[in-house]
Amino acid sequence: MSDSEKIDNTRRNLIVATSVVGAAAGAGAAIPFVASWWPSERAKAAGAPVEVDVSRLEPGEMKVIEWRGKPVWVIRRTKEMLESLKTVTSRLADAKSDVPQQPEYAKNEARALKAEVMVMEGVCTHLGCTPELRGAEARAEMGGDWSGGFYCVCHGSKFDYAGRVFKGSPAPTNLVVPPHTYLSESTILIGEDKKGA
Ligand code: FES
């Protein structure tokens, strides 16, 4: 099976599974899957917050966890990914995240508590498909000005590496940043804000 076939097969499982994905650390990089993980049935049933250990998440890797039946992406963004956020703003529908699709503490360019770690619901704001990660290496396919981000194959919505929607997409708003907080340097609790935040 080719690498791309493996990726496609695994992506089909993202909504029900929990995975770690290498997210194209640089142009042309492959996207290896390195682990799987599930929250407990009891936690899922309760919609409880989910703890995520990001200590082993390498730059460019994505971990997908399930929270309240939705996939949530956790990506340690590379320098290149963060730099790309500055180059696309004029092409975005809501570059400053004025629509409250994120907690107030994530209303910034990276839409994150810590810029290098992205926490995002992997649910398209058009009709709910799961967008795909497409690195800068997909430029030929995505258009000459593509610098990487997420693409929803259902109806063609495009988002940058902070989940901000590009103008002209059917999706009306940026992707949703769920409430989350850091319990330590390397542990994020998804589904709950810091008390008082
Ligand atoms: S559901 Fe994503 S573009 Fe329609």
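**Exercise 1. Work out the strand order of the open sheet and find which strands stand at its edges.**

Solution. Let's start with the sheet itself: in this predicted model, 3 strands make up an open sheet, ordered 3-11-10, with antiparallel pairing. Next, look at the two ends of that order. Strand 3 and strand 10 (180-182) each have a single partner strand, so one side of each is left without a neighbour in the sheet. Finally, check the twist: neighbouring strands here are turned by 25° against each other on average, direction ignored.

**Exercise 2. Find the bridge partners that strand 11 offers to V52 and E51, and sort the residues of strand 3 by face.**

Solution. First, the pairing: strand 3 (residues 50-53) runs antiparallel to strand 11 (residues 187-190), and 4 bridges link them. Within strand 11, V52 has I188 as its bridge partner, while E51 stands opposite L189. Now for the faces. In a regular strand, side chains alternate between the two faces of the sheet. For strand 3, V50 and V52 belong to the covered face, whereas E51 and D53 belong to the uncovered one.

**Exercise 3. Place V52 and I188 in a nonpolar core, and set that core beside the largest one.**

Solution. Begin with the largest nonpolar core, which holds 22 residues; M62, W73, F150 and F159 have the most contacts inside it. Strand 4 (61-67), strand 5 (70-76), helix 3 (79-87) and strand 6 (117-121) each contribute at least two of its residues. Another core, of 13 residues, lies apart from it, and V52, L57, Y182 and I188 are among its members. To tie this back to Exercise 2, the bridge partners V52 and I188 both sit in this 13-residue core.

Notes
Residues are numbered from 1 along each chain as its sequence is written. This is a predicted model: local features need pLDDT of at least 70, side-chain atom pairs count only at pLDDT 80 or more; totals for chains, interfaces and linings use all residues. Side-chain values use heavy atoms; hydrogens and water are left out. Buried means under 20% relative accessible area, exposed over 50%, partly exposed in between (1.4 Å probe, protein chains only). Two strands pair if DSSP finds at least two bridges between them. Axes are lines fitted to C-alpha atoms, for helices over the stretch in contact, and angles run from 0 to 180 degrees between N-to-C directions. A nonpolar core is a set of buried Ala, Val, Leu, Ile, Met, Phe, Trp, Tyr and Cys residues joined through side-chain atoms within 4.5 Å.
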